[in-house]
Amino acid sequence: MTRSLLLPVETLNREFDAKLLLALYAAARGWEVVLGQKTALHRRMARFPRSVYVAKGFRWGREREFREIGALGHTIVGMDEEGLVNVSDEMWLSRSDSPTLRHLALIVAWGPDDARLYRRATHLGDTPVVETGNARVDLLRPELEGFLAPEAARLRERYGDFALVNTNFALVNRYVELNAPVQMGNWLPQEVAEGLKSNWIGHKKALLEAFLALLPRLAGRLGPRTLVIRPHPSENAELWREAAEGLGNVRVVHEGTVAPWLLAAKVLIHNGCTTAVEAAVLGTPALAYRPVTRVGFDNDLPNGLSEEFADGDALADRAAELTRQPVQGRVALSPERRALLERHLTALDGPLACDRLIDALEDRIGPPAPVEPLRYAVARGHIVRRRVRRALRTTSKWAGRKSALLGHQFPHVPLGEVEARLGRLDAALGGIAEVSAEELAPNLFRVRSSGSPARSSRAEARPG
């Protein structure tokens, strides 16, 4: 029997290419995969055969969603897309709860450090944790450079020798206001939760103000070379455009996945951003601007993989120096930084994370359990009622904001683009499978083998 895999994607530019790569590997090993915008996938959840659903997050507040997915007969695997970079163990634990986590059949971890954190979370019970790595890191490995290189070359041609600022301030500069900016577990005492939220938001506001103040000095030092500001997908880019007004060599751009930008840039500038980890894998120099610090609210991993600066002028001088250096290709990490990276990332070499993840699913996830008719009927009823409620409030301010956010995070992707990306991924890997893609709905696609699986065993499935 063909096994089915459901891969929801929240943010196109962050996750989609990696999920496509995972779909390619899964299809090569005989799985049928549905992937695409999370909302579009959830609306059709009851139409799919009993599948393995890979949740992109599993923190507090998703208990009802997971309960319904399980009632429809699907098995839930947790893969926290935001789990690589945490401000602290305590903050992660405070944003999770037992009712949500008990629905997970398996957790796949980025690496040893977050696996340690999940095992520390006693409210996970006996849920198994497997260190597989993440397909987003696979895309950065030398094996996939052929996929990234053409777009990176176009960016270099467009911007020349440029510095890249990747922002990370969605907490205090939101694209739209929907829910509270920080969701804490409702089991926390209110005064504790409010204190954590207040301190975190205050720290982020101070950093945002410092970055805005840095822009004129940074642009001046870099000139005439270009400074590209790439806002976080959930941020309001207008704030950055206003700050860049009058700075002739500054461009505010958010397009495409970040990996080719990192490959094309001479240097990355950030504070506590996951892109610094990706830059380290690619060998792109990273500078962390840390004018203010706060224990328990700084992201130690990306900052630790970077040159750190408290002084903006010193950082600007170093950025200018790096943009003027000749292209050197991938820059090797120091032994200390390599060791730090390996504590957090599995699958930096050897079998790709995609293969390791499929191995884990095939080893750890058994056949779907029989559907309980009553639970199934209740779940279907909840889905129908939500669909009706959404249809009735399409003119509300909330619905308008939600629609705007969804369109911003996941703009329309035509089937031809999906097919082209799959073809480029397959070509970069030397041809691992013949797969086909079909569009099930706007921004929702099925990927499956279009012939005999090219990689039907683990020995065949692993490169190198």
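This is a dialogue on how to read some features of a predicted model.

Q: What is the mean pLDDT of the protein, and how many of its residues reach 70 or more?
A: This is a predicted model, and its mean pLDDT is 88. A value of 70 or more is reached by 90% of the residues.

Q: Where does pLDDT stay under 50?
A: Where pLDDT is low, the predicted coordinates should not be read in detail. In this protein pLDDT stays under 50 over residues 459–464. The model has 12 contacts beyond four places in sequence for that stretch.

Q: How many helices and strands does the secondary structure come to?
A: There are 20 helices and 14 strands. Of the 464 residues, 54% are buried. The accessible surface is about 19,400 Å², and carbon and sulfur atoms hold 50% of that area. Among contacts with a separation of 6 or more, 74% are between residues 24 or more positions apart.

Q: How is the reach of helix 9 to be read against what is expected at 1.5 Å a residue?
A: The general idea is to set the C-alpha span beside the expected one. Helix 9, residues 190–222, has 33 residues and reaches 47 Å from its first C-alpha to its last, close to the expected 48 Å.

Q: Where in helix 9 does a kink lie?
A: The kink lies at L215 and is about 35 degrees. The proline P216 comes shortly after that position.

Q: What joins G223 and P224?
A: Here omega is the angle to look at. It is about 5 degrees for the bond between G223 and P224, a cis peptide bond. P224 is placed in the loop between helix 9 and strand 8.

Q: Which residues of helix 8 are buried?
A: Start with the helix itself: residues 145–159 form helix 8, 15 residues with a reach of 20 Å between the first and last C-alpha, close to the 21 Å expected. Its buried residues are F147, L148, A152, L155 and Y159.

Q: What do the buried residues of helix 8 pack against?
A: Their partners are four helices and two strands by name: helix 1, helix 11 (258–264), helix 12 (274–282) and helix 19, together with strand 8 (227–230) and strand 9 (250–252).

Q: Which residue follows helix 8?
A: G160 follows helix 8, and its phi is positive, near 70 degrees.

Q: Which residue other than glycine has a positive phi near 65 degrees?
A: That residue is N443. N443 sits in the loop between strand 13 (435–441) and strand 14 (444–449). With a relative accessible area of 7%, N443 is buried. A347 is another case: it is not a glycine, yet its phi is positive at about 75 degrees. The loop between helix 15 and helix 16 (353–364) holds A347, which counts as buried at 5% relative accessibility.

Q: How many salt bridges does a search of the whole structure find?
A: The search finds 40 salt bridges. For each pair, the points to check are the distance, the place in sequence and the burial. One such pair is D17 and R421, whose closest N and O atoms are 2.8 Å apart. D17 belongs to helix 1 (residues 12–28) and R421 to helix 19 (residues 415–428), so this pair ties together parts that are 404 residues apart in sequence.

Q: Is D17 of that pair buried or exposed?
A: D17 is buried, with a relative accessible area of 9%. Its partner R421 also counts as buried, at 16% relative accessibility.

Q: Where do R338 and E342 lie?
A: Both lie in helix 15 (residues 335–344), four residues apart, about one turn of the helix. They form a salt bridge, with 2.9 Å between the closest N and O atoms. R338 counts as partly exposed at 30% relative accessibility, and E342 counts as partly exposed at 40%.

Q: What do the side chains of E143 and R141 meet in?
A: They meet in a salt bridge, 2.6 Å from N to O. R141 counts as buried at 3% relative accessibility, whereas E143 counts as partly exposed at 30%.

Q: Which residues are linked in a network of salt bridges?
A: Salt bridges may also be read as groups. The network here links E10, R14, E15, K19, K56, E81, E82 and R136.

Definitions and conventions
Residues are numbered from 1 along each chain as its sequence is written. This is a predicted model: local features need pLDDT of at least 70, side-chain atom pairs count only at pLDDT 80 or more; totals for chains, interfaces and linings use all residues. Side-chain values use heavy atoms; hydrogens and water are left out. pLDDT is the predictor's confidence in each residue, from 0 to 100. Contact means heavy atoms within 4.5 Å. The expected span of a helix is 1.5 Å times one less than its number of residues. The bend at a residue is the angle between axes fitted to the seven residues ending there and the seven starting there. A salt bridge is a side-chain nitrogen of Lys or Arg within 4 Å of a carboxyl oxygen of Asp or Glu. Buried means under 20% relative accessible area, exposed over 50%, partly exposed in between (1.4 Å probe, protein chains only). Accessible areas come from the Shrake-Rupley method with a 1.4 Å probe; for residues, only the protein chains shown count as cover.
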